[in-house]
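Subject: Structure handover and findings

Hello,

Here is the structure I promised to pass on. Please open it beside this email and read the two together.

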Amino acid sequence: QTLSDVVCRRTELASAGHPGLPCLATCAELMAVELGWDAGRMAREVSETQAFLHRAGARAAEPAVEVAR
């Protein structure tokens, strides 16, 4: 299993475009615990997933902006 498979196919995280680096990093950390990935594997998975999303034309998610009340 790969991060790009989980983000793009098994969940809807990338259905509206690139979910953002913080989301990819969190997903990679969760997968690392379950699949025994080391830090190098996590970094590769994030990098490869970002490249895949870029090739697919997905734009990076904009950071959430809090509206002052």
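Below is what was found, from the overall fold down to single residues.

**Overall**

Please keep in mind that this is a predicted model. The protein chain has three helices and zero strands. Along the sequence, the pattern reads α-α-α. The chain has 69 residues, and 26% of them count as buried. It exposes about 5,000 Å², with carbon and sulfur atoms supplying 55% of that area. Take the contacts with a separation of 6 or more: residues 24 or more positions apart account for 64% of them.

**The core**

In soluble globular proteins, nonpolar side chains tend to be buried together. Which residues make up the largest nonpolar core here? There are 12: L3, V6, V7, A14, L24, C27, A28, M31, A32, W37, V46 and L53. Three helices each supply at least two of these residues: α1 (3-10), α2 (21-35) and α3 (39-55). The most comes from α2, which gives five.

Look at α1 next. Its buried residues are L3, D5, V6 and V7. They pack against α2 and α3. Note that D5 is on that list; D5 comes up again under the salt bridges.

L53 is a good residue to click on. Set aside its neighbours within four places in sequence. L53 then contacts C8, A14, H18, P19, L24 and A58. Two of those partners, A14 and L24, are also listed in the core.

**Salt bridges**

How many salt bridges does a search of the whole structure find? It finds three.

- D5 pairs with R9, and their closest N and O atoms are 2.8 Å apart. Both residues lie in helix α1, four residues apart, which is about one turn of the helix.
- R10 also pairs with D5, with the closest N and O atoms 2.4 Å apart.
- R41 pairs with E45 through their side chains, at 2.7 Å from N to O.

Are the partners in the D5 to R9 pair buried or exposed? D5 has 16% relative accessibility, so it counts as buried, the cut-off being under 20%. R9 has a relative accessible area of 58%, so it is exposed.

Now the R41 to E45 pair. These two are four residues apart in helix α3, so about one helical turn separates them. R41 is partly exposed, with a relative accessible area of 26%. E45 is buried, at 5%.

Shared partners also link salt bridges. D5, R9 and R10 are joined into one network in this way.

**A glycine in a loop**

Last, find G20. It sits in the loop between α1 and α2. Is G20 buried or exposed? G20 is buried, with a relative accessible area of 8%. Check its distance to R59 as well. The two are 39 residues apart along the chain, and their C-alpha atoms are separated by 8.9 Å.

**Where to look**

If you have only a few minutes, take these stops. Start with the core, including W37 and M31. Go on to L53 and its contacts, among them H18 and P19. Then view D5 with R9 and with R10. Finish at G20, in the loop between α1 and α2.

Best wishes

Notes. Residues are numbered from 1 along each chain as its sequence is written. This is a predicted model: local features need pLDDT of at least 70, side-chain atom pairs count only at pLDDT 80 or more; totals for chains, interfaces and linings use all residues. Side-chain values use heavy atoms; hydrogens and water are left out. A nonpolar core is a set of buried Ala, Val, Leu, Ile, Met, Phe, Trp, Tyr and Cys residues joined through side-chain atoms within 4.5 Å. Buried means under 20% relative accessible area, exposed over 50%, partly exposed in between (1.4 Å probe, protein chains only). Contact means heavy atoms within 4.5 Å. A salt bridge is a side-chain nitrogen of Lys or Arg within 4 Å of a carboxyl oxygen of Asp or Glu. Accessible areas come from the Shrake-Rupley method with a 1.4 Å probe; for residues, only the protein chains shown count as cover.
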